[in-house]
Amino acid sequence: MSAEALAKLSLNDSQIKDCLKKPKFATSLLEVLAESGADATDKPTGALLMTLALTAEKKKLEQSKRAYIARAIVDGRIKTATQLDAAIAYCVSIKDNQVDDDSFDQASGVGVTVSKEQVRAVVDDYLTLNKATLEEERYKFLPKVMQTVRGDERLRWANLADLKPAVDAAVLAMIGPKDERDQVVKKKAAPKATETAAEMTTTTDIFKTGFLGALHPVGGNPQLSESLREAHLRACGGKVQTRFPPEPNGYLHIGHSKAITVNFGYARAHGGVCYLRFDDTNPEKEEEKYFLAIEEMVAWLGFKPFKVTYSSDYFDELYTFAEQLIQNGKAYTCSCTDEEIKRNRGGEERGPRLACKHRDQNQALSLEQFRGMRDGAYPPRSMTMRMKQDLEDGNPQMWDLIAYRVLSTPHHRTGDRWKIYPTYDFTHCLVDSLENITHSLCTTEFVQSRVSYEWLCDALAVYKPAQREYGRLNLQGTVMSKRKIEKLVKDGYVRDWDDPRLYTLVALKRRGVPPGAILAFVAELGVTTNMTSILTDKFEAIVRNYLELSVPRLMLVLEPLEVVLENVADDFEEVCEVPFNTKDAAMGSHPVILTKRFFIDRSDFREGLSKEEQAAFFRLTPEQPVGLVRAGHAIRVLHVQHDTSGRPTCIKAHYQTEPEYAGFKPRTHIQWVPSLGAIKATVRVQSALFHSDDPSSHPDGFLADVNKDSEEEYKDALVEPGFKHVWQHRSWPKANADAVAAGEAGAVAAQAEADSAVPGAETCRFQGLRVGYFAVDNKDAKVDGEGEGILVLNRIVSLKEDTSRKAVNKQK
């Protein structure tokens with residue numbers, strides 16, 4: 001073999017060099033050239049022959065069929081890559097070695113000419129049908145037009161070079177040239193405080209632009225035969241069908257919220273449906289509580305599955321597929337140990353790959369042993385069924401993956417019926433196919449699995465969904481692995497999986513994070529093929545902005561310090577009208593009654609300050625009066641009572657109502673809670689569970705990075721009486737009807753909370769003035785319909801970013 005021989009295909013130097021590095025492929029390529037009957041080729045013909053050599057090897061195409069296609073390329077019948085793909089698919093699908101010329105030509109588009117006028121007619125049809133969208137989106141709509149029209153069956157054999165000029169000319173004729181409306185506006189860095197909650201959670205754009213906007217139209221993904229495509233389109237009705245397929249072996253975390261949003265949101269944005277499918281193929285790790293928790297979290301985020309299905313629904317079909325695969329010579333039974341399988345795959349040293357000793361055994365024997373596996377003849381780990389793939393492929397997902405294994409654990413749905421269970425690699429693509437999923441969307445950790453996904457569908461000649469991968473969401477400053485969270489729970493660092501300091505979805509719900517804020521977070525980050533690694537601070541900033549304009553405000557004191565006004569009568573009352581949110585008058589207001597006795601927060605009073613300290617402290621001191629929120633006058637200290645340790649217990653104060661104080665402006669105003677109607681509460685103020693942004697990097701392990709002061713509990717806190725109104729009118733935030741109708745994800749999530757028969761306790765959210773955002777704990781609080789009972793609050797987020805961890809990271 002020489003570079004001169006490869007040069008006959010008009011390959012460039014780089015291509016020749018790559019071929020010489022792969023002697024087996026180079027040999028196949030020269031064989032294809034010989035089979036074509038040509039001594040040498042031009043560059044386009046050489047490229048097609050090169051593609052044929054590569055694809056034929058992967059598809060295990062018989063030599064006679066490969067030679068037939070090669071001659072069709074050289075004689076000009078096959079001119080494009082699209083035709084070549086169709087030709088190979090046709091030859092793979094027929095069982096006879098003899099290729100029928102007429103059938104081949106029809107399947108491959110030989111002789112079919114699509115004129116430029118026909119291309120323009122198809123473009124005009126599409127634009128006329130979508131005229132309203134074109135007029136609204138204008139030139140931003142062009143990528144979608146190109147993508148959709150390219151997938152139109154009428155243009156299957158068209159010259160793609162004719163497509164863009166036709167689209168450009170048609171769009172120009174309908175809406176005119178570009179103007180200021182078509183200028184690209186830079187994306188905002190973050191939601192502004194002036195935006196409404198609905199505006200912040202409009203996620204529709206992420207499903208129609210970028211990575212998701214470039215996905216294929218329904219039916220546009222390649223199939224082994226046209227009949228498969230047609231049957232699929234009939235089954236799905238031409239509509240998008242996606243699925244969210246969690247394994248029911250643990251609680252979902254914040255990373256899963258992206259997968260839920262992408263799959264359900266993409267279907268919703270395109271008028272389609274999304275399945276919730278439980279991948280329940282490993283009974284050893286699955287529990288009923290996880291099924292229930294996952295369904296609850298999907299509903300909490302505002303999404304409703306088209307159907308709830310289970311991989312176990314298809315165990316009979318999957319078993320039939322497995323037998324078919326063996327009978328087709330594309331699977332075999334294997335009694336190798338785990339260690340032998342790893343060693344045959346090259347081991348940790350990445351040595352040479354070796355075929356399993358059972359790989360070429362008699363098909364009848366494999367079928368007999370597989371049925372024995374089914375009937376319980378083999379104990380666990382003694383026998384598997386493996387797919388017969390391509391050991392020469394550089395992708396480990398093609399190295400004869402295990403399709404079935406023996407397990408002795410009863411299944412939660414099928415009981416003891418099955419002794420064998422399919423693996424993820426066997427189940428996933430086939431159930432996608434059975435459910436006619438149009439877009440199988442998953443994270444990039446499965447990118448290598450795409451080749452085995454497609455291989456298995458083609459090996460069984462079934463509809464082949466298109467797997468497409470996006471970058472997963474990773475949150476820094478916490479841990480999300482099941483193993484590590486189990487350790488935190490078991491060792492008592494946190495209460496349970498729903499501890500508000502964790503980032504499981506059940507924990508975020510208990511903490512009081514609105515589902516709409518989570519969707520706003522996903523929308524803000526967008527969807528690309530890159531992994532998104534973001535600090536918890538960023539997440540909390542988006543939650544904070546989301547709550548800013550959408551929840552009421554109440555006065556709350558964590559550590560009450562009694563104040564008694566000495567210069568007013570015992571029955572003194574001043575009605576103070578306090579708005580629930582100064583930035584949203586629609587929330588209304590409520591009366592809070594100031595009496596002779598009330599409470600301020602202990603942190604708002606200091607004594608014994610130096611001159612410099614006094615200048616920096618704006619709140620109440622013996623020398624400095626302070627205003628009370630919404631009260632008519634300021635107060636000044638007359639006398640302070642202390643306990644035996646010197647701690648202040650009561651402030652005797654003067655209410656500055658006299659004329660000489662008219663016009664007095666205190667340096668600041670502080671919150672207060674009246675003695676009349678004050679509500680006692682236990683308030684838990686959570687902060688970061690870990691000191692650093694990367695707990696797993698700690699030299700002594702992630703547990704050594706745990707912040708043992710991550711929760712402070714105030715058992716004697718007081719909330720003003722307005723809490724009862726907020727409780728009775730939950731949930732907060734309120735859904736905007738227009739936003740819900742428009743399908744805005746955050747608003748729909750808020751509506752889902754509101755639609756509950758009895759909104760959860762955690763939907764009672766409010767800002768504690770000058771303290772933070774809080775929600776009622778949905779586990780430990782026992783509050784009746786009127787707002788009476790045992791009140792326990794969790795802090796959702798602080799009013800400002802916590803900089804303590806930044807200091808730790810800087811020290812590191």
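Biologist: Is the crossing of helix 17 and helix 19 left-handed or right-handed?

Modeller: Bear in mind that this is a predicted model, where local features need pLDDT of at least 70, side-chain atom pairs count only at pLDDT 80 or more, and totals for chains, interfaces and linings use all residues. Residues are numbered from 1 along each chain as its sequence is written, and side-chain values use heavy atoms, leaving out hydrogens and water. Helices are DSSP runs of H or I with at least four residues, strands are runs of E with at least two, and both are numbered from the N terminus. A crossing is left-handed if the near helix is turned anticlockwise from the far one by less than a right angle and right-handed if clockwise, and for helix 17 and helix 19 the crossing is right-handed.

Biologist: Okay, and how do helix 17 and helix 19 run relative to each other?

Modeller: Helix 17 covers residues 315–327 and helix 19 covers residues 363–374; their axes come within 9 Å and cross at roughly 160°. Axes here are lines fitted to C-alpha atoms, for helices over the stretch in contact, and angles run from 0 to 180 degrees between N-to-C directions. Under 35 degrees counts as roughly parallel, over 145 as roughly antiparallel, 65 to 115 as roughly perpendicular and the rest as oblique. So helix 17 and helix 19 are roughly antiparallel.

Biologist: How many nonpolar, polar and charged residues make up that contact of helix 17 with helix 19?

Modeller: Helix 17 brings Y319, A322, E323, I326 and Q327, which meet Q363, S366, L367, F370, R371 and R374 of helix 19. Contact means heavy atoms within 4.5 Å. Ala, Val, Leu, Ile, Met, Phe, Trp, Tyr, Cys and Pro count as nonpolar, Asp, Glu, Lys and Arg as charged, and the others, Gly among them, as polar. For this contact, that gives 5 nonpolar, 3 polar and 3 charged.

Biologist: Let's go towards the start of the chain: at what angle do helix 3 and helix 5 cross?

Modeller: Helix 3 spans residues 23–36, helix 5 spans residues 63–74, and their axes come within 8 Å. S28, E31, V32, E35 and S36 in helix 3 touch Q63, R66, A67, A70, R71 and V74 in helix 5. By class, those are 4 nonpolar, 3 polar and 4 charged residues. The crossing is right-handed, at roughly 65°.

Biologist: Helix 4 meets helix 5 too, so what is the class make-up of that contact?

Modeller: The axes of helix 4 (residues 43–59) and helix 5 come within 10 Å and cross at roughly 165°. That makes the pair roughly antiparallel. T45, L48, L49, L52 and A56 of helix 4 meet R66, I69, A70, I73 and V74 of helix 5. Sorted by class, the contact has 8 nonpolar, 1 polar and 1 charged residues.

Biologist: On to strands: which strands stand at the edges of the sheet ordered 1-2-3?

Modeller: That open sheet has 3 strands with parallel pairing, where two strands pair if DSSP finds at least two bridges between them. The edge strands each have a single partner strand, so one side of each is left without a neighbour in the sheet. They are strand 1 (241–244) and strand 3 (308–310).

Biologist: Which helix packs on that sheet?

Modeller: Strand 1 and strand 2 (residues 273–278) pair over 4 bridges in the parallel sense, and R243 has Y275 as its bridge partner in strand 2. The packing helix touches strand 1, strand 2 and strand 3, and its direction makes about 160° with that of strand 2. This is helix 16, residues 288–300.

Biologist: And which residue is the bridge partner of T384 in strand 6?

Modeller: Here we're in an open sheet of 4 strands, ordered 4-5-6-7 with antiparallel pairing. Its edges are strand 4 (331–334) and strand 7 (420–422). Strand 5 (residues 384–387) and strand 6 (residues 402–406) pair over 3 bridges. T384 is partnered there by R405.

Biologist: Any backbone oddities? What is the omega of the peptide bond from W732 to P733?

Modeller: Most residues other than glycine have a negative phi, and most peptide bonds are trans. R138, in the loop between helix 9 (131–137) and helix 10 (142–150), has a positive phi of about 50°. The loop between helix 27 (723–728) and helix 28 (737–741) holds S731, and the bond from R730 to S731 is cis, with omega near 20°. P733 is in the loop between helix 27 and helix 28 as well, and the bond from W732 to P733 is cis, with omega near 0°.
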